[in-house]
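Me: I'm new to this one and would like to learn how to read it. Could you walk me through it?

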Amino acid sequence: MLGRASMLLPCRSILPARARPFSTDLPAAPSADATFTEAWTKVIPNMDPPKTPLSFMQPRPPTPSSIPSKLTVNFVLPYASELATKEVDMVIVPATTGQMGVLPGHVATIAELKPGVLSVHEGSEMTKYFVSSGFVFIHANSFADIIAVEAVPLDRLDVNLVQKGLAEFTSKLSSATTDLEKAEAQIGIDVHSALNSALTG
Amino acid sequence: MAMAMAALRREGRRFAPMISPRPITALRSSPLAPSLEDECPIGVRYISTQVVRNRMKSVKNIQKITKAMKMVAASKLRAIQTKAENSRGLWQPFTALLGDLPSANVKKNVVVTISSDKGLCGGINSTSVKISKGLHKLNSGPEKETKYVILGEKAKAQLVRDSKKDIELIITELQKNPLNYTQVSVLADEILKNVEYDALRIVFNKFHSVVSFVPTVSTVLSPEIVEREAESGGKLGDLDSYEVEGGETKGEILQNLAEFQFSCVMFNAVLENACSEQGARMSAMDSSSRNAGDMLDRLTLTYNRTRQASITTELIEIISGASALEG
């Protein structure tokens, strides 16, 4: 209940740093809504304008002048938020270009993820997840958003099923006729071999 | 309730001519309530209570049914509410990255209206349809067009009537199987394949609490429009500062990003709308059963009065007959 209430009221005070028109700062947030609400009230005066997602979000802090010590990570899945604004030292994400390490002060990046292992390093402990695919946004204010379609902790994976799946998809690829089937089989092979290497390596 | 009031008024008018020719001295007859259907000629003995009793039985059944529907909606709401709350984190990174530009000026608008399949859920579907029509009006102009993609029977019924030519795609029976991301992503894929768009506006009811549902519109822009807005500065001006890893071109990644954003936002929207539907049904059925309870009380009073009046009439006749015999 409280979480929902605080989502409705964006009440963070904004530092007078250079404006990041991007990070839903308070001044920027109402202006987008303002043009929309004005246009709406002109055309449809009888109804209240609908709300937009901006009014439900907490604004992000602007880029600090010095590199912060911790990286704030949001790791979300369609079914749950695994990590929500958790402060960590480093995360290693499986981007399409390879394993990418993200430290506080990383340059702002948008990267697509391929099936692989995501590890979160906090002090001495490390949590590993296998992610199927998704995106990672690294913002200049040391916020990292990782959005994945599926993620499981590595200890939940079964080696035998992985091997079986790999064999199955390899045989499907060899017997595939249409491009679509080939693509599907290839995807299956990619995921299973990534699973395999995650479990062994 | 209106019918009961009208009946009482009619009874008031008929009751005056009824008592005058009758020699009632000792007992003042209580307001008679002849049943609505029986056109009682003056001098009839007693009124049938059968009709009132039938009505009471049906109202009691209605009350039971609506109470049961409320319980069912409450249990369904509990089940889906946790899912919706967990999915709320899904669209926030996209809004943090790309901002929210509901006022973007684009040529091809597509309004995705999310509604329920079943009725008896209050006014949420009408609100969604009104907002969709409002968006259509807002985005109309030279060289601009707005098309509809409809999810759910109720919006289809309302929009088919006057905007038939603007409807691109209709999808129903969404909740046959429990909602999950795979189903919604397949749906999103279908929509993206079949509909040309510059901006997708998803209209749904966001669930705040069991009694409050806020109509919301989420905007997903196509990669070309995102590029255009980024170049022109303003809200998305910082997008260029983001390095894009992987892929051959930036455009490819942005395309994947837009599709992923659409499926995530759709997933959240569909879940929130389902929660709002169950919540609205709960409150609609609750007020309906309360209303049925009130009606039942009033009918019970009417019934008792009718019954007592008929007993009184019989007694009067017996007594006046007996006193006439005596002398």
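**Where the chains meet**

Reply: Let's begin with the contact surface: chain A and chain B bury about 4700 Å² between them, 71% of it on carbon and sulfur atoms. Buried area is the accessible area (1.4 Å probe) that two parts lose on being put together, summed over both. Keep in mind that this is a predicted model, where local features need pLDDT of at least 70, side-chain atom pairs count only at pLDDT 80 or more, and totals for chains, interfaces and linings use all residues. Residues are numbered from 1 along each chain as its sequence is written, and chains are lettered from A in the order in which they are written.

Me: How many residues does the contact take from chain A and from chain B?

Reply: Contact means heavy atoms within 4.5 Å. Here chain A gives 50 residues and chain B gives 52 residues.

Me: And how many salt bridges and polar contacts are there?

Reply: A salt bridge is a side-chain nitrogen of Lys or Arg within 4 Å of a carboxyl oxygen of Asp or Glu; the rule finds zero of them across this interface. A polar contact is a pair of N or O atoms within 3.5 Å; within protein, one must be able to donate a hydrogen and the other to accept it, and residues adjacent in sequence count only if both atoms are side-chain atoms. Five residue pairs between chain A and chain B are in polar contact, both at pLDDT 80 or more.

Me: Which element gives the largest share of chain A's side?

Reply: Helices (H or I, at least four residues) and strands (E, at least two) are DSSP runs, numbered from the N terminus. Helix 2 of chain A leads with seven residues. By type, the side of chain A that touches chain B has 33 nonpolar, 10 polar and seven charged residues. Ala, Val, Leu, Ile, Met, Phe, Trp, Tyr, Cys and Pro count as nonpolar, Asp, Glu, Lys and Arg as charged, and the others, Gly among them, as polar.

Me: What lines the second largest cavity?

Reply: On a 1 Å grid over the protein atoms alone, a cavity is a set of points where a 1.4 Å probe fits but cannot get out; lining residues have an atom within 4 Å of a point. The second largest cavity has 15 lining residues, with Pro53(A) and Trp91(B) among the closest to its centre. Strand 5 of chain B supplies the largest share of that lining, four residues. The lining splits into six nonpolar, seven polar and two charged residues.

How values were computed: Side-chain values use heavy atoms; hydrogens and water are left out. On a 1 Å grid over the protein atoms alone, a cavity is a set of points where a 1.4 Å probe fits but cannot get out, and a pocket is an open set with protein on both sides within 12 Å along at least five of seven lines; lining residues have an atom within 4 Å of a point.
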